[in-house]
Amino acid sequence: MRTILAGNWKMHTDRAGAVALARAVAIAERAAGVEVLVAPPFPFLEAVVAACSDSAVRVAAQTCHAEAQGAYTGEVSVPMLQSIGVQACIVGHSERRRYDGENDARVAYKVKALLSAGMTAIYCCGEELSEREAGRHHVVVGEQLATALKGLPAEQLGGLVVAYEPVWAIGTGRTATPEQAQEMHGFIREQLVRLLGPAAEPVPVLYGGSCKPDNAAELFALPDVSGGLIGGASLDAGQFLELVRIAARCVAERRGV
Ligand code: PEP
């Protein structure tokens, strides 16, 4: 199983801060078996790509447009991102669903555009608290996955990463319990194979939502958790690198090292 740690910097940092943070992550000793990505705001992408260029750290955007070009004021396309060395993109983050009207029908086009271009799509799904309390979390996440991902060709699935981010856990300090996370990750894996066939078995499923060094070890050790999408803790190089080390320890334990 691939293990991935992706830092979503959201609308934080300035140019100098973004470059310093990227450099601190890039020069850290490479944690064996963990793929590391950072997702700065649009204006700092190119500088962060340069800051990471001598390392294995990959740079992701936080959203994109599905069309390659056109009259879409304010938008940024996949070829534009690729042209400056961005290799991945987060799509369907709950903050974009909440504040920008992003829905799975739109996200489906974005995922297709990214995968067709050979980029990595980090697709976020997850239920609201009221939906979990009503016992609807499986229905909600199942529908999200079906709408956004159904029909993707098997040969492009190497570029797909899913992040389960229960909305009630993002930036709230409240994490899913290991039982809740494992149960939902297992469900997501089943749905991926049901929707996309056996080629979806290796698709990484990350956990996101108030993941910090003091709760990460038990989450990353879960059998169906392939690492994390990290918001708040990714803005502090020390905390983010500690999360990378924790993920690396889980990889080593899985391999019996
Ligand atoms: C996120 O924004 O994707 C996220 C998981 O945020 P936080 O870690 O701050 O909850």
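The questions and answers below concern a predicted model and take up one helix, the ligand site and two single residues.

User: Which residues of helix 9 are buried, and where do they fall when the helix is seen down its axis?

Analyst: Helix 9 covers residues 213–220, and within that run Asn215, Ala216, Leu219 and Phe220 are buried. Seen down the helix axis, these buried residues fall within an arc of 125°, so they line one face of helix 9.

User: Which elements do the buried residues of helix 9 pack against?

Analyst: Among the partners of these buried residues are two helices, namely helix 8 (178–196) and helix 10 (237–254). The packing also involves strands, and these are strand 1 (3–8), strand 7 (205–207) and strand 8 (227–230).

User: How much of the area that the ligand exposes when taken alone does the protein bury?

Analyst: The ligand has 14 residues around it, of which Lys10, Glu165, Gly171, Ser210 and Gly232 come nearest. Polar backbone atoms lie at short range from ligand oxygen atoms, with values of 2.7 Å for Gly171, 2.9 Å for Gly231 and 2.8 Å for Gly232. Taken alone the ligand exposes 300 Å², and the share of this that the protein buries is 97%.

User: How many residues of the shell around the ligand are nonpolar, polar and charged?

Analyst: The shell can be sorted by residue class, and its polar members number eight. The remaining classes in the shell around the ligand are the nonpolar residues, which number four, and the charged residues, which number two.

User: Is Ser226 buried or exposed?

Analyst: Ser226 is placed in the loop between helix 9 and strand 8. The cut-off for a buried residue is under 20% relative accessible area. Because Ser226 has 0% relative accessibility, it counts as buried.

User: Which side chain does the side chain of Ser226 join in a polar contact of 2.8 Å?

Analyst: Leaving aside neighbours within four places in sequence, Ser226 is in contact with residues including Met1, Thr3, Arg189 and Val205. A polar atom of the Ser226 side chain lies 2.9 Å from the backbone nitrogen of Val205. The side-chain partner in the polar contact of 2.8 Å is Arg189.

User: Is Ala105 buried or partly exposed, and what distance separates its C-alpha atom from that of Ala146?

Analyst: Ala105 is placed in helix 5, which spans residues 104–116, and because its relative accessibility is 42%, Ala105 counts as partly exposed. Ala105 and Ala146 are 41 residues apart along the chain, and the separation of their C-alpha atoms is 9.9 Å.

Terms used:
Residues numbered from 1 in each chain as written. Predicted model: local features only at pLDDT ≥ 70, side-chain atom pairs only at ≥ 80, totals over all residues. Heavy atoms only, no water. Buried < 20%, exposed > 50% of the residue type's maximum accessible area, 1.4 Å probe, protein only. Helix = DSSP H or I, 4+ residues; strand = E, 2+ residues; numbered from the N terminus. Arc of directions from axis to C-beta. Contact = heavy atoms within 4.5 Å. Near = heavy atom within 4 Å. Polar contact = N/O pair within 3.5 Å; in protein donor to acceptor, adjacent residues only side chain to side chain. Areas by Shrake-Rupley, 256 points an atom, 1.4 Å probe, with all protein chains shown as cover. Nonpolar A, V, L, I, M, F, W, Y, C, P; charged D, E, K, R; others polar.
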